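Visitor: I am new to this structure and would like to be walked through it. Please show it to me before we begin.

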Amino acid sequence: MLESRSPNERIIYQHFELPWPIADRDYVYSAKMAWEGEKLAFNLKSTTSAKSPKTKGVRAHLTRCIYHLTPISDSRTHVRVEVHTDPKGKLPSWFVNLIQESWPIKTLKGIRRMTKEPYAELAELPPR
């Protein structure tokens, strides 16, 4: 986390190591959290920050990423994710497709694992 612009908005830096000969990618993005009716929405998009480190490889562009979390019960949540990103640079389409295939499952499994951590209960939700 680079900055906290408000209780419900953070500026985040994220770096991805990629196998040689493909250059690493990194992102600087705004993450805003708000209720949209019964859904908790996390809206992410690229931004700039004076606090961001120098680019490692290629600075990719996150056009839009939205996570919608809808409570189903006390112990279940429906998650819908939309991602529109430009990895920039010259990447072979087979490599982009490979990442696109594995990304959703890895990400959602990671979210499930993190929600079981004790600190997950400490997260403050925005007011409705």
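**Charges, pairs and patches**

Guide: This is a predicted model. The protein carries 21 positive and 14 negative side chains, and the centres of these two sets are 4 Å apart.

Visitor: What is the order of the elements from the N terminus on?

Guide: The secondary structure consists of one helix and seven strands. Read from the N terminus, the elements run β-β-β-β-β-β-β-α.

Visitor: How many salt bridges does the structure hold?

Guide: Side chains of opposite charge can pair when their charged atoms come close. In one such pair, R59 and D26, the closest N and O atoms are 2.8 Å apart. The number of salt bridges in the structure is six.

Visitor: Is D26 buried or exposed?

Guide: R59, the partner of D26 in a salt bridge, has a relative accessible area of 28% and is partly exposed. Buried means under 20% relative accessible area. The relative accessible area of D26 is 0%, so D26 is buried.

Visitor: How many residues apart in sequence are the parts that E38 and R128 tie together?

Guide: E38 forms a salt bridge with R128, with 3.4 Å between the closest N and O atoms. E38 lies in the loop between strand 3 and strand 4, while R128 is in the segment after helix 1. The pair therefore ties together parts whose separation in sequence is 90 residues.

Visitor: Which residues are joined into one network by salt bridges that share partners?

Guide: E82 forms a salt bridge with R64, and their closest N and O atoms are 2.4 Å apart. E82 lies in strand 7 and R64 in strand 6, so the pair ties together parts that are 18 residues apart in sequence. Salt bridges with shared partners make one network of R64, R80 and E82.

Visitor: Is K116 buried or exposed?

Guide: K116 belongs to a patch of positive charge on the surface, together with R76, K109 and R112. Its place is in the segment after helix 1. Exposed means over 50% relative accessible area. K116 has 67% relative accessibility, so K116 counts as exposed.

Visitor: What is the area of the nonpolar surface patch made by V79, L108 and I111?

Guide: V79 is found in strand 7, and at 30% relative accessibility V79 counts as partly exposed. With L108 and I111, V79 makes a nonpolar surface patch of about 190 Å².

Visitor: What share of the residues is buried?

Guide: The protein has 128 residues. Among the buried residues is D26, with a relative accessible area of 0%. The buried share of the protein is 24%.

Notes: Residues are numbered from 1 along each chain as its sequence is written. This is a predicted model: local features need pLDDT of at least 70, side-chain atom pairs count only at pLDDT 80 or more; totals for chains, interfaces and linings use all residues. Side-chain values use heavy atoms; hydrogens and water are left out. Patches are made of residues with over 30% relative accessible area and no salt bridge: like charges are joined within 9 Å, nonpolar side chains (Val, Leu, Ile, Met, Phe, Trp, Tyr) within 5 Å. Accessible areas come from the Shrake-Rupley method with a 1.4 Å probe; for residues, only the protein chains shown count as cover. A salt bridge is a side-chain nitrogen of Lys or Arg within 4 Å of a carboxyl oxygen of Asp or Glu. Lys and Arg count as positive and Asp and Glu as negative; His and the chain ends are not counted. The place of a charge is taken as NZ of Lys, CZ of Arg, CG of Asp or CD of Glu. Helices (H or I, at least four residues) and strands (E, at least two) are DSSP runs, numbered from the N terminus. Buried means under 20% relative accessible area, exposed over 50%, partly exposed in between (1.4 Å probe, protein chains only).
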